[in-house]
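Visitor: Could you take me closely through one part of this protein, the packing of its helices, and set that part within the chain as a whole?

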Amino acid sequence: MTKNVAIAVNWNFCDRLTREKRTIMSAYIVFTRTKTLDQKELETYWAGIKATRKGHPIDVLVAYGKHEVLEGDPIEGIVIAKFPTVKAAKDWYCGEAYQSVAKHRKKGAIYQGLIVEGVT
């Protein structure tokens, strides 16, 4: 015997999510730190990070503020930086200046990083 199940879907909401109807507003780089490995390496990273922003349109929105994990594994901290486009975010991240200090971040802690588009 088969059972018919009715599923209510808000199609108007789903329609708004299609790529054709989205307007890309900004891009965000998000880093979460899950475990510190070497505090001195992190301090070297933090000392050098400001110089990497020169010439890049970065607006740091969150930098290790008080946080509460609602779901998932605990984190030690989070950084969210806003860029005008994904290209601008990648230009900064992949640039020589950032990569030269990022090696200290990678030695200093376990991070997860991502780029996400902001949309309306």
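Guide: A crossing of two helices is called left-handed if the near helix is turned anticlockwise from the far one by less than a right angle, and right-handed if it is turned clockwise. With that in hand, and keeping in mind that this is a predicted model, we can turn to helix α2 (residues 39-52) and helix α4 (residues 96-108), whose crossing is left-handed. The axes of α2 and α4 come within 8 Å and cross at roughly 160°, and because angles over 145 degrees count as roughly antiparallel, α2 is roughly antiparallel to α4. On the α2 side the contact is made by Glu41, Leu42, Thr44, Tyr45, Gly48, Ile49 and Thr52, while α4 brings Ala97, Tyr98, Val101, Ala102, His104, Arg105, Lys107 and Gly108. Sorted by class, the residues of this contact comprise seven nonpolar, five polar and three charged.

Helix α4 also meets helix α3 (residues 86-94), and here the axes come within 6 Å and cross at roughly 65°, an angle that makes α3 and α4 roughly perpendicular to each other. Trp92, Tyr93 and Cys94 of α3 make this contact with Glu96, Tyr98, Gln99, Arg105 and Lys106 of α4, and by class the residues are four nonpolar, one polar and three charged. Tyr98 and Arg105 of α4 are thus listed in the contact with α2 and again in the contact with α3.

To place these helices in the chain, note that the protein has four helices and four strands, which follow one another from the N terminus in the order α-β-α-β-β-α-α-β. Among contacts between residues at least 6 apart in sequence, 78% join residues at least 24 apart. Of the 120 residues, 26% count as buried, and the chain exposes about 8900 Å², of which carbon and sulfur atoms supply 56%.

A single residue outside the helices gives a local example of both burial and contact. Ser26, found in strand β1 (residues 24-36), has a relative accessible area of 8% and is therefore buried, since the cut-off for that class is under 20%. Leaving aside its neighbours within four places in sequence, Ser26 is in contact with Lys82, Phe83 and Pro84, and also with Val116, Glu117 and Gly118.

Definitions and conventions:
Residues are numbered from 1 along each chain as its sequence is written. This is a predicted model: local features need pLDDT of at least 70, side-chain atom pairs count only at pLDDT 80 or more; totals for chains, interfaces and linings use all residues. Side-chain values use heavy atoms; hydrogens and water are left out. Helices (H or I, at least four residues) and strands (E, at least two) are DSSP runs, numbered from the N terminus. Buried means under 20% relative accessible area, exposed over 50%, partly exposed in between (1.4 Å probe, protein chains only). Contact means heavy atoms within 4.5 Å. Accessible areas come from the Shrake-Rupley method with a 1.4 Å probe; for residues, only the protein chains shown count as cover. Axes are lines fitted to C-alpha atoms, for helices over the stretch in contact, and angles run from 0 to 180 degrees between N-to-C directions. Angles under 35 degrees count as roughly parallel, over 145 as roughly antiparallel, 65 to 115 as roughly perpendicular and the rest as oblique. Ala, Val, Leu, Ile, Met, Phe, Trp, Tyr, Cys and Pro count as nonpolar, Asp, Glu, Lys and Arg as charged, and the others, Gly among them, as polar.
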